[in-house]
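Open your viewer and get ready to click through a short tour. We'll go from one bound partner to another, selecting a few residues at each stop.

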Amino acid sequence: MIYWSPSECMDPEARLGYQSELLRKQVKYAYENVPMYKKKFDEKGLKPEDIKGLEDLKHVPFTVKDDFRENYPFGIFAVPMDRIVRFHASSGTTGKPVVVGYTENDLEMWAECMARTLAAGGVTKDDIVQVTYGYGLFTGGFGAHGGSQKIGSATIPMSSGNTKKQVMIMQDFGATALCCTPSYCLQIIETAASMGIDPKTLPVKKCFLGAEPWTEAMRKEIESRFDVKAYNIFGLTEVLGPGVSFDCKYQNGMHINEDFFYPEIIDPNTLEPLPDGEIGELVFTALTKEGVPVLRYRTKDITSIIKEPCPCGRTGRRMDRILGRSDDMLIIRGVNVFPNQIEEILINIEGVEPTYQIIIDRENSVSDNFEIMVEVSENVLTDEIKAMENLKNRILSEIHSVIGLHPKIRLVEPFTIERSAGKARRVIDKRELYTR
Ligand code: AMP
Ligand code: ZN
């Protein structure tokens with residue numbers, strides 16, 4: 001089977017009409033059911049009827065991550081709780097996560113999107129699919145699971161972690177497809193090798209990798225060391241989770257599920273829409289979502305829309321790899337981290353100066369080293385070792401409770417961190433993940 005659904009190859013002209021109709025309905029739905037959207041429209045003097053089709057989308061106010069935070073936990077939900085059947089969440093800009101809720105129809109649409117994603121890489125009901133994205137509030141595990149189950153493949157709900165066991169199960173169960181982050185895929189390859197197993201002899205033939213930035217060089221490395229095809233898949237919690245867009249066998253940009261998500265590229269400074277082909281910030285409008293409708297959600301991901309048709313016959317426009325962020329969000333070991341979250345913690349700890357630097361590096365292109373260098377006041381440094389250790393542990397435990405990661409903490413003297421124009425560089429990311 002080449003496509004999962006005929007609508008993947010819908011005539012582009014016909015699709016525009018269809019999208020316009022959905023947009024009209026969705027704008028009205030969001031306005032009538034979510035006070036936040038009503039307020040945004042009213043403030044602009046805009047009525048839902050003013051949005052007659054895609055040509056009017058540019059007038060619709062944007063939605064951002066902070067809107068979720070300010071309406072935490074359920075303020076953007078458009079349906080009563082008896083219609084919500086699942087929650088997911090992702091880290092936000094503070095300790096509070098971004099919360100989304102799905103109705104039965106939303107879950108059905110999500111499974112459809114993920115079925116298309118897996119089918120595009122050749123997964124059929126004969127496959128055994130190992131889902132190594134985390135199961136939990138994170139969308140990865142359950143998202144991939146829903147698609148695999150819809151196809152009728154035999155699904156192994158491994159979740160992440162315990163890499164040796166991942167390799168053992170993969171070998172013993174005969175997993176033919178693997179869903180995980182690209183960095184974890186490399187870790188599986190390394191671990192197999194360290195167990196004396198040639199990764200090429202493992203049964204996996206196709207990998208569906210996403211949830212974090214990666215490069216063509218990483219794709220080549222995975223494909224050659226693992227003897228697989230590695231497909232890029234994209235998504236985000238606010239819009240859906242995995243399944244927003246996916247690589248086909250040509251691996252030349254990710255087809256967007258345009259019958260559910262209408263993409264725009266905007267200039268992140270002027271916020272004006274840019275034509276296809278130009279690089280800017282990706283914005284999505286979900287055309288059918290019931291639980292949490294999203295209008296013009298600013299992903300902050302930088303990419304472009306590829307307008308040329310794809311030889312596979314799918315007509316959903318493709319998006320290029322993610323080439324950067326228009327904000328300062330980092331994805332470390334698969335977790336979204338904002339430098340501000342760290343700053344907020346540090347300024348509230350006595351003895352710590354407000355100057356810090358986050359250093360991220362990737363060892364053997366596998367796991368992220370995450371270090372925070374923190375300037376501390378002179379008196380702390382002259383104190384006994386024990387006091388320093390206590391301070392370090394306090395910083396570590398507070399950071400862990402907010403972002404769930406264990407960075408290495410290095411306490412240094414005031415003015416150790418280099419300043420330029422009086423400012424310290426907050427982040428040094430040596431991974432270079434936003435390159436082609
Ligand atoms: P989350 O909502 O926690 O799943 O994080 C979503 C974010 O992960 C996106 O906005 C992107 O920045 C990043 N992301 C997801 N998939 C990819 C991918 N295939 N390539 C690059 N970045 C990705
Ligand atoms: Zn294609």
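Here are the ground rules, and then two stops.

This is a predicted model, where local features need pLDDT of at least 70, side-chain atom pairs count only at pLDDT 80 or more, and totals for chains, interfaces and linings use all residues. Residues are numbered from 1 along each chain as its sequence is written, chains are lettered from A and ligands numbered from 1 in the order in which they are written, and side-chain values use heavy atoms, with hydrogens and water left out.

**Stop 1: the zinc ion**

Select ligand 2, the zinc ion, then add Cys 248, His 255, Cys 310 and Cys 312. Their SG, NE2, SG and SG atoms, in that order, are its protein donors, at 2.1 to 2.3 Å (donors are N, O and S atoms within 2.8 Å of the metal, or 3.2 Å for Na, K and Ca; water is not among the atoms, so sites may look incomplete). Along the chain, the donors are spaced C-x6-H-x54-C-x1-C. Now color strand β9 (residues 254–256), home of His 255, and the loop between β14 (305–306) and β15 (318–319), where Cys 310 sits: the pair is 55 residues apart in sequence, so it ties those parts together (strands are DSSP runs of E, at least two residues, numbered from the N terminus).

**Stop 2: ligand 1**

Next, select ligand 1 and show Thr 237: an N or O atom of its side chain is 2.5 Å from an oxygen atom of the ligand. Add Asp 301, whose side chain has an N or O atom 2.6 Å from an oxygen atom of ligand 1. Finally, color strand β7 (residues 229–236), which gives five residues, the largest share of the shell around ligand 1.

How values were computed:
Helix = DSSP H or I, 4+ residues; strand = E, 2+ residues; numbered from the N terminus. Polar contact = N/O pair within 3.5 Å; in protein donor to acceptor, adjacent residues only side chain to side chain.
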